[in-house]
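Visitor: I would like to learn how to read the contacts in a model like this one. Could you take me through them step by step?

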Amino acid sequence: MSRDSRERILSRIRSAVGGAPEAPEVPRAYLSRHAPEDPDAVLDLLHENLADYRAHVHRTDGAGLPALIGRLLEERGARTVVVPDGLPARWPAAWAAEPVPDTGLTATALDAVDAVVTGCALAVAETGTIVLDGGPGQGRRALTLVPDLHVCVVREDQVVASVPEALPRLDPLRALTWISGPSATSDIELDRVEGVHGPRTLEVVLVRGPV
Amino acid sequence: MSGIFVGMPAFPKAAREAVQDGTLRANLRHATHTIRDKRARAVAELADWAELREAGKRIKDRTLRHLDTYLIQLEEAVTAAGGTVHWAADAAEANRIVTELVKATGESEVVKVKSMATQEIGLNEHLEAEGIRAYETDLAELIVQLGEDRPSHILVPAIHRNRGEIRDIFREEMGKWGRQAPDGLSDSPAELAEAARLHLREKFLRAKVGISGANFMVAETGTLVVVESEGNGRMCLTLPETLISVVGIEKVVPTWRDLEVFLQTLPRSSTAERMNPYTSTWTGTTDGDGPKTFHLVLLDNGRTDALADEVGRQALRCIRCSACLNVCPVYERAGGHAYGSVYPGPIGAILTPQLRGTTSEIDASLPYASSLCGACYEVCPVAIDIPEVLVHLREKVAGQGGKGHRLEKAAMKAAGWVLDRPDVLAAGERLASKTRTLHPRKLPGPGARQWTGSRDLPEMPAAPFRDWWKKNRTGDDA
Ligand code: SF4
């Protein structure tokens, strides 16, 4: 049935466009980036755009990182925190919150955890976006979805200026999540409300130098 | 298309009812004007908007020209990544496929992320009849579903409801379907959103089957893309064991790189954001992450008919941003329901008659529900010349029944509705004279016959509707 429909649809397409003139090559006269070629300015832009969409942004260096994360968790009252595989072990060592390794927790078990701490694959300054690809220190997608607080660490060498710069650095075969601020809705009279189904709080830590 | 809207009154009658509803009008006006202004600011941030728009248009045109090739490539890539691809010629077949897939899992409920394609085919109603409950999880869709209502805007489907109405719906209906609304629920948007979060969370956590659409499908990699704000999309795409995506065949783009255009133009055009809060991309299945089984149902349902129409096929470029709704003086006054389809506003007026044909009164009247002002064309991020298609479809409608035919009468009534509204006309004419310079008489570019440049564009006179009316209705009563 579906097999027949496949042939039917394909042949309908061919007869619909078969005689049409060729569609020319796509002109790509648009810019590959809008931000200046200045890493400091690009980092500032990321900071600004993340904050504009109500993520909380912090800056530190590698030495100060574990304690800063610990403080953020404490301020938000997180007592338990999921730790994805590949997160540096010295980070959780500095926290009061109890680290929970991801041993294939069910969604319900994850729902009982207060927070998650991850790294990322890259961040896009112009749009204020963090991209996760499930690599080391990020874990599977459910980990950054079910707990209500997400603390995400971005190294300065992971920051790109624009969407056109981001795509070639990402592997489409991995499941990707692009995050620009906490979840939000404007469905009720266009009043923006933060936090519907994803984490209601997004803390982003920008780190200079090695972590 | 879906059975839900069959039996809808033709455009003018439905529009009249909508206009009498003061709440609806006020809500719509507030909504469209707010988004419109924000969008203009978000677009102005990008100096290369015109180039992005041109690239988006040309990517889609190229895709449509070789749609067979790209769909086959997509099928191969999805299959290689562990997914299964199904082809559905029409709504009935798509519904049948999805129902069988759900039944094979042994489940009797599914969670759904907002998808125009599944609304188009009436999937929820079909599943319901087969004993499967489909839970909508987008906040607006939840409001619509609990209120046993119809969506009225592509992006904000419950825009016709105000906070007090939403609170009442939640209080009365939530308990019937699961966790009830908290005691003493007020009408503050934050509290209402929290009630929705709690109500839906129990459904997400136990869901075994998720159903989605997709904004884009990448042929070369087999990747699907869902763009959203609330996180309900991520829930539906990530937590269930089985994921079924129903996607129109025109949603394919050739390359991964092509997303660099649409991920810039779609959020800015749609929600007026630099980027929407969440975008999910996935390719087949991933070990240890997300659904173990993935099915892609490719939907035709009239799209190949539209593709065969040299002028009308450009409607298939649409990326459903809804910018054209927000600038449309007719939509603002008539409301989304008047269009009698899941696709309201200017895009609905050109897409629905092509997908369903123009044999019903509502569909024959749709191309007339416009003052031809051209504001929709100006904002469209893939440069669909909606006025051109409207005029073209009017010719088709006029040719099919002859004078005095019931379809012709319905069409003329819709036109009369527009003509009777000096404020619609005035708004249209103001917009038209502002955007007239954007309307080239012929599409630029080399070559006498190009994919979309095969005919002259319609003129954009200062008073487009009145002129069109004069040309077509001289000495006749309407
Ligand atoms: S026709 Fe253009 S403006 Fe309207 S929804 Fe589609 S892409 Fe957006």
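Guide: Gladly. Keep in mind that this is a predicted model. Let us start with strand pairing: β9(A) and strand β9 (residues 278-283) of chain B run antiparallel and pair over four bridges.

Visitor: Which residue in β9(B) is the bridge partner of Trp178(A)?

Guide: That partner is Thr279(B).

Visitor: How many residues of each chain are in contact?

Guide: On the chain A side there are 73 residues, in contact with 101 residues of chain B. The two chains bury about 7800 Å² between them, and 58% of that area is on carbon and sulfur atoms. Arg141(A), Asp187(A) and His197(A) supply 10% of the area that chain A buries against chain B, more than any other three residues.

Visitor: What should I look for in the polar part of the interface?

Guide: Look for pairs. The interface of chain A and chain B has 40 residue pairs in polar contact. Several elements of chain A each supply at least two residues to the side that touches chain B, among them α1 (2-17), α2 (39-52) and β9 (176-179). The element that gives the most to this side is α1(A), with eleven residues. By class, the side of chain A that touches chain B has 37 nonpolar, 17 polar and 19 charged residues.

Visitor: And how do I read the salt bridges?

Guide: The general idea is that side chains of opposite charge can pair when their charged atoms come close. Over all chains the count is 48 salt bridges, and 13 salt bridges are found across the interface of chain A and chain B. One to inspect joins Arg201(B) and Asp111(A), at 2.8 Å from N to O. There is also a network of salt bridges that links Asp52(A), Glu45(B), Arg268(B) and Arg274(B).

Visitor: Which residue forms a salt bridge with Arg76(A)?

Guide: It is Glu203(A), with the closest N and O atoms 2.7 Å apart. Arg76(A) lies in the loop between α3 (65-75) and β2 (80-83) of chain A and Glu203(A) in strand β12 (residues 201-208), so this pair ties together parts that are 127 residues apart in sequence.

Visitor: Is Glu203(A) buried or exposed?

Guide: Glu203(A) counts as buried, because its relative accessibility is 2%, under the 20% limit. Arg76(A), by contrast, is partly exposed, with a relative accessible area of 40%. You can read a pair in chain B in that way too: Glu260(B) and Arg257(B) meet in a salt bridge at 3.0 Å. Glu260(B) is buried at 4% relative accessibility, while Arg257(B) is partly exposed at 45%.

Technical notes. Residues are numbered from 1 along each chain as its sequence is written. Chains are lettered from A and ligands numbered from 1 in the order in which they are written. This is a predicted model: local features need pLDDT of at least 70, side-chain atom pairs count only at pLDDT 80 or more; totals for chains, interfaces and linings use all residues. Side-chain values use heavy atoms; hydrogens and water are left out. A salt bridge is a side-chain nitrogen of Lys or Arg within 4 Å of a carboxyl oxygen of Asp or Glu. Buried means under 20% relative accessible area, exposed over 50%, partly exposed in between (1.4 Å probe, protein chains only). Contact means heavy atoms within 4.5 Å. Buried area is the accessible area (1.4 Å probe) that two parts lose on being put together, summed over both. A polar contact is a pair of N or O atoms within 3.5 Å; within protein, one must be able to donate a hydrogen and the other to accept it, and residues adjacent in sequence count only if both atoms are side-chain atoms. Ala, Val, Leu, Ile, Met, Phe, Trp, Tyr, Cys and Pro count as nonpolar, Asp, Glu, Lys and Arg as charged, and the others, Gly among them, as polar. Two strands pair if DSSP finds at least two bridges between them.
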